[in-house]
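Work through the exercises below with the sequence and the model side by side. Try each task before reading its solution.

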Amino acid sequence: IARRQRYNVAEQLRRALRSVAPLAEHLGVQVRAAEGPGEAFSLGDASVTRQLIVAALSLALRDASGGVVSVSLQADDGQATLVVSWVWDDEEPREPTAPSASLLALAAGQGVQVTDEADLLERSLRLTFVPAPREHVIAFVEDNEDVVALFQRYLSGHGYALVGVSENEAVLERLAELQPDAILLDIMMQDLDGWEVLQRLKADPRLREVPIVVCSVLHEPELAMSLGASAYLCKPVRPARLLECLSALLPGPHSAEAAPLSAAPETGRSPQLPS
């Protein structure tokens with residue numbers, strides 16, 4: 001089953017080039033890969049995209065036996081385009097090999113547009129990928145690096161970039177510099193009191209409009225809401241709950257629209273997010 005996540009096309013191209021290197025050597029074809037952007041993002045299944053690029057490169061290598069294949073990746077206005085072009089050195093011109101049904105099926109499944117241009121001596125395949133939405137930057141004020149790494153795994157591929165922020169006296173300056181789309185805030189930290197940090201955040205004109213999600217083992221949702229928090233998550237936090245919470249606060253093309261989270265119900269229980 002194909003997964004629709006944000007992924008780096010440049011990384012999949014690098015891996016595909018390594019996969020086809022033995023075939024290029026066997027066929028006597030030189031692959032010239034132009035230096036392109038280190039990051040060019042698309043939305044889809046990274047593994048399927050990698051196989052699509054392998055199929056395109058394989059076609060070029062077989063069609064340009066004894067020649068040269070040029071590969072370039074471009075990223076313009078957030079859209080990634082891969083161009084594979086080649087000439088052949090046969091004395092007699094020949095008709096190019098048509099893209100295989102599997103290549104076209106892989107492209108169709110990913111929403112990748114394939115443009116095949118050829119004359120008698122030169123040919124190119126152009127793969128235009130689905131643009132990926134901008135990632136939301138999420139700052140996580142947390143003194144446990146393992147928890148930060150865990151949350152980064154939770155959010156990976158879902159349109160969020162999680163940045164850990166050390167809990168120290170310069171935390172507000174770091175957050176103001178980062179200008180995140182939302183802040184996750186631990187309460188029980190070694191050097192800082194999370195409640196005080198929350199109050200300072202809501203009093204800082206540079207940060208007071210940034211949604212804050214309190215994440216704590218404590219059960220104080222009403223206190224968090226009264227101090228200006230937008231949502232409250234009790235640890236341990238499940239991935240689905242974290243994603244639903246951020247989706248509600250920061251709706252966008254990478255996530256389903258959701259109603260804003262409200263303060264804790266009258267029962268005093270923390271807001272329950274769908275799993």
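**Exercise 1. Locate Q179 and describe its backbone and exposure.**

Step 1. Q179 sits in the loop that links helix 5 (171–178) to strand 10 (182–186). Helices (H or I, at least four residues) and strands (E, at least two) are DSSP runs, numbered from the N terminus. This is a predicted model: local features need pLDDT of at least 70, side-chain atom pairs count only at pLDDT 80 or more, and totals for chains, interfaces and linings use all residues. Residues are numbered from 1 along each chain as its sequence is written, and side-chain values use heavy atoms, with hydrogens and water left out.

Step 2. The phi of Q179 is positive, about 50°, although Q179 is not a glycine.

Step 3. The relative accessibility of Q179 is 44%, so Q179 counts as partly exposed. The cut-offs are under 20% relative accessible area for buried and over 50% for exposed, with partly exposed in between (1.4 Å probe, protein chains only).

**Exercise 2. Is D77 buried or exposed?**

Step 1. Find D77 in the loop between strand 4 and strand 5.

Step 2. Check its backbone: D77 has a positive phi of about 55°, yet is not a glycine.

Step 3. Read the area. D77 has a relative accessible area of 84%, so D77 is exposed.

**Exercise 3. Lay out the open sheet of five strands.**

Step 1. The strand order is 2-4-5-7-6, and the pairing is mixed. Two strands pair if DSSP finds at least two bridges between them.

Step 2. Find the edges. Strand 2 (30–33) and strand 6 (113–118) each have a single partner strand, so one side of each is left without a neighbour in the sheet.

Step 3. From one strand to the next, the twist averages 15°.

Step 4. Add the helix. Helix 1 (residues 9–27) packs on the sheet and touches strand 2, strand 4 and strand 5. Its direction makes about 175° with that of strand 4. Contact means heavy atoms within 4.5 Å; axes are lines fitted to C-alpha atoms, for helices over the stretch in contact, and angles run from 0 to 180 degrees between N-to-C directions.

Step 5. Look at one pair. Strand 4 (residues 68–76) and strand 5 (residues 79–87) are antiparallel, over nine bridges. In this pair, V69 stands opposite W86 of strand 5.

**Exercise 4. Which residues of helix 3 are buried?**

Step 1. In helix 3 (residues 101–110), the buried residues are L103, A107 and Q110.

Step 2. Look down the axis. The buried residues of helix 3 fall within an arc of 70°, so they line one face of the helix. The arc is that of the directions from the helix axis to the C-beta atoms.

Step 3. Turn to the other side of helix 3: A101, A108 and G109 are exposed there.

Step 4. The cover over the buried residues includes strand 1 (5–8), strand 3 (41–44), helix 2 (46–63) and strand 6.

**Exercise 5. Where does pLDDT stay under 50?**

Step 1. Start with the whole: the mean pLDDT of the protein is 85, and 86% of its residues reach 70 or more. pLDDT is the predictor's confidence in each residue, from 0 to 100.

Step 2. The stretch is residues 253–275, where pLDDT stays under 50.

Step 3. Where pLDDT is low, the predicted coordinates should not be read in detail.
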